Each structure stands twice: as C-alpha cells, then as structure tokens.
Amino acid sequence: DTLINQIAAGEVVERPASVVKELVENALDAGAKRVDIDLEEGGVRLIRIRDDGHGIPPGELPLAVSRHATSKIASLDDLEGVATLGFRGEALPSIASVSRFLLASRHRGSDHGAALEIDGGRLGDVMPRPHPQGTTIEVRDLFFNVPARRKFLRAERTELGHIEDWLRQLALARPDVELRVSHNGKPSRRWKGEGDLLSDVRLHEALGEEFARHALHIDHSAAGLRLHGWIAQPAYNRASADQQFLYVNGRAVRDRSVAHAVKQAYADVLFHGRQPAYVLFLELDPRRVDVNVHPAKHEVRFRDARLIHDFVYRTLHDALAGTRA
Ligand code: ADP
Ligand code: MG
C-alpha cells in the first residue's frame with residue numbers, strides 16, 4: 001500500500017508548496033479561521049500546519065490517512081455539486097508515504113487530543129496527546145525515502161517562493177481567514193483575518209500599492225453568472241503575468257478561455273497589447289463547471305465555455321470603456 005501511495009504522491013505532491021496547498025485546503029474545509037504555517041528550509045525540512053477547525057476524533061485518525069477515505073463525499077451526487085476544496089481522499093496518505101508525518105488533533109466534541117505518527121508510510125498507533133481544538137500536521141524531510149524525487153527540489157528560496165505565491169493566491173480568496181507564516185523560526189508573513197470582503201489592505205499587500213490605486217472595481221451578474229473583483233485601469237503600466245488572479249467559485253484556476261476574454265477586452269478598449277492585471281472572481285452554479293479535470297485542480301472545464309467567455313469579455317469591456325469617458 002505504501003508503494004501505491006507513493007505513486008499517487010507523484011500526482012499530488014510535486015514539491016513543498018503542493019503539500020502546503022493540500023494541508024491548508026483541508027484546514028479550510030474543516031472550517032478553520034486561523035491557520036499557522038511553520039516552515040524550515042523552504043518546507044523541505046519541515047512543514048507544520050496548525051488550524052483551529054473542527055478537528056478529528058481519535059478513532060478517525062487512522063481513517064484520515066488511509067487511501068480514498070474522505071469524509072467529504074456521501075454519494076456520487078455530491079461529486080457533481082462538490083463545494084469543499086478537496087474530495088478525493090488521497091492527499092494525506094500520499095504525503096505521509098513520502099515523509100515523516102505526524103497528525104495531531106482534538107475534535108470539537110472531545111476533551112482529549114490524540115496523535116498518530118507515520119514514518120515513510122509506516123503507520124504508528126494512536127496515542128493520547130494534548131492539543132487545542134483543531135488539527136496540526138507536521139511533514140518532515142519530504143521525499144527522504146524517494147531520492148529520485150528529492151533530487152528535483154530546488155533551492156530553499158525557490159521552494160519558499162512557490163509556497164508564498166500560493167498563499168498570496170489563497171489570501172485574496174479568503175480574507176476571512178488569518179494566515180501566519182514563519183520560516184526558519186522567524187515570522188515571515190501575516191495575513192490578518194478581515195471578514196468576508198477582500199479589503200484594500202489585502203489587495204494592496206498582495207499586488208502592491210500601485211495596483212490598488214489603479215484598480216477598477218467590477219461586480220456584474222447576468223444569466224446566472226457573476227463576475228466581481230478588480231482590474232487595473234489603463235494608467236497602470238506595471239502589470240505582469242504574476243498579477244493575474246482568476247477564481248472560479250472561490251478556487252484559483254488557470255483558464256485559457258477566460259484569460260483570453262480578459263486580455264481581449266483590455267486590448268479592444270485600450271487599443272494596445274499590454275498585459276492586464278486583475279483579481280477576478282467568477283461565480284456560477286457548480287454543476288456548470290467540472291473542477292475534477294486535473295488532480296492538482298488548477299484547471300476547470302465549463303459546460304458552456306463560449307457563454308462564459310462572452311460574459312467576461314462583455315463585462316470587462318463595458319467597465320473599462322466607462323473609464324475612458
Ligand atoms: P480529502 O481532503 O480529499 O477528503 P485528504 O487526504 O486531504 O482527503 O484528507 C482525508 C480526511 O482527513 C478528510 O476527508 C478529513 O476528514 C480529514 N482531515 C484532513 N485534514 C483535516 C483537518 N485539518 N481538520 C479536520 N479534518 C481533516
Ligand atoms: Mg484534502
């Protein structure tokens with residue numbers, strides 16, 4: 001089974017940033033409002049994620065790390081309208097098979113916490129351990145038992161950069177959650193929890209003051225689609241490809257067709273080919289979009305891609321054209 005998990009890890013776990021992503025998404029699925037992320041050596045030596053979510057009962061700890069055990073799908077119907085971030089029950093067993101892994105938790109209904117260690121896939125016993133409500137997962141020495149994978153890890157700075165990029169992407173989508181990051185024992189980043197609306201503060205911290213100053217607010221709905229967020233106005237001339245954030249139903253995705261619609265609207269209004277900078281959220285009925293195209297979930301497939309392309313184009317075109325008057 002360890003081997004199967006290690007093979008699955010090849011899909012799910014590419015580098016420390018993918019571990020952080022899976023673990024933080026689990027924390028959010030558990031309703032966490034605060035997530036602490038402690039890293040050492042770019043996450044290669046240590047990734048420790050602690051959350052204040054609902055936790056896991058002691059008896060369910062072994063289940064959480066066993067393959068295809070997910071508490072998030074009750075029926076095949078759920079697969080269609082799935083609202084949680086992860087739902088395949090593969091992340092924890094995969095990560096645990098290629099690291100020294102510790103899971104500690106206290107469920108909101110229990111008085112006592114418990115912990116479970118897994119060393120390169122070898123499952124230990126559930127032991128009592130004090131823990132505040134919520135869950136801590138420690139991942140040490142990623143790929144220590146898979147040298148071929150370890151070889152592909154990059155310099156500490158690079159791996160840390162990937163983690164920070166992903167956290168920035170998350171911070172824009174979840175202003176209600178406090179995120180604290182430390183690296184090699186020093187606090188490195190703190191995103192304060194700010195309520196449900198993305199504030200100027202977070203926008204500014206994530207994309208810089210210049211973007212925030214030139215950002216045009218968008219919020220438009222039609223045909224069961226809603227597009228909201230910010231796009232840089234023409235005067236902003238420092239846009240770069242890392243200032244393009246697109247979320248579909250709260251999930252960061254890359255989508256060629258939507259990216260094209262944004263770029264086209266920009267080009268048609270401004271008459272030049274400058275890179276657009278944006279933070280855009282597209283909301284629609286989950287049944288109109290398939291999020292399970294790729295295990296890493298960066299890609300989606302829309303049931304009516306043409307309609308969505310045109311909606312995004314039209315919305316941004318009209319908003320940008322309005323600023324020209
Ligand atoms: P999935 O997220 O696809 O269900 P995972 O392997 O990521 O699969 O997690 C397995 C299960 O472990 C989850 O379904 C959930 O029940 C439990 N779990 C994992 N992380 C947490 C957490 N931080 N808080 C509460 N439960 C968790
Ligand atoms: Mg998960």
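Two strands are taken to pair if DSSP finds at least two bridges between them. In this predicted model, strand β8 (residues 178–183) and strand β9 (residues 186–191) meet that condition, pairing in the antiparallel sense over 5 bridges. This briefing covers strand pairing, the largest nonpolar core and helix α11.

**Pairing around β8**

- On the antiparallel side, Val 181 stands opposite Arg 189 of β9.
- The hairpin of β8 and β9 has 2 residues between the strands, and Asn 184 takes a positive phi near 50° there.
- Strand β8 also pairs with strand β1 (residues 34–40), here in the parallel sense and over 6 bridges.
- Within this parallel pairing, Leu 179 of β8 is the bridge partner of Val 35.

**The five-stranded open sheet**

- An open sheet is formed by 5 strands, in the order β10-β11-β14-β12-β13, with mixed pairing.
- Strands β10 and β13 (251–252) stand at the edges with a single partner strand each, so one side of each has no neighbour in the sheet.
- The edge strand β13 runs antiparallel to strand β12 (residues 244–248), and 2 bridges join them.
- Ala 252 of β13 is the bridge partner of Tyr 247.

**The largest nonpolar core**

- The largest nonpolar core has 83 residues, of which Ile 95, Leu 103, Tyr 278 and Leu 280 touch the most other members.
- Helix α2 (residues 16–29) gives the most to this core, contributing 7 residues.
- The core lies between domain 1 (2–191) and domain 2 (207–322), because both domains give residues to it.
- Leaving aside residues up to four places away in sequence, Leu 280 touches Leu 227, Gly 229, Ile 231, Phe 245 and Leu 246.

**Helix α11**

- Helix α11 (residues 305–322) comprises 18 residues and reaches 26 Å from its first C-alpha to its last, close to the 26 Å expected at 1.5 Å a residue.
- Its buried residues are Ile 308, His 309, Phe 311, Val 312, Thr 315, Leu 316 and Leu 320.
- These residues lie on the same side of α11, because they cover an arc of only 165° around the axis.
- The buried residues of α11 pack against β10 (215–222), β11 (225–232), α10 (256–270) and β16 (301–302).
- Two of these packing partners, β10 and β11, are also strands of the open sheet.
- The exposed residues Arg 306 and Gly 322 are carried on the face of α11 turned away from its buried side.

Methods
Residues numbered from 1 in each chain as written. Chains lettered and ligands numbered in written order. Predicted model: local features only at pLDDT ≥ 70, side-chain atom pairs only at ≥ 80, totals over all residues. Core = buried A, V, L, I, M, F, W, Y, C linked by C-beta atoms within 7 Å. Buried ≥ 20, exposed ≤ 12 C-beta atoms within 10 Å, placed from the backbone. Helix = DSSP H or I, 4+ residues; strand = E, 2+ residues; numbered from the N terminus. Domains from an automatic or database assignment. Contact = placed C-beta atoms within 7 Å. Expected span 1.5 Å × (residues − 1). Arc of directions from axis to C-beta.
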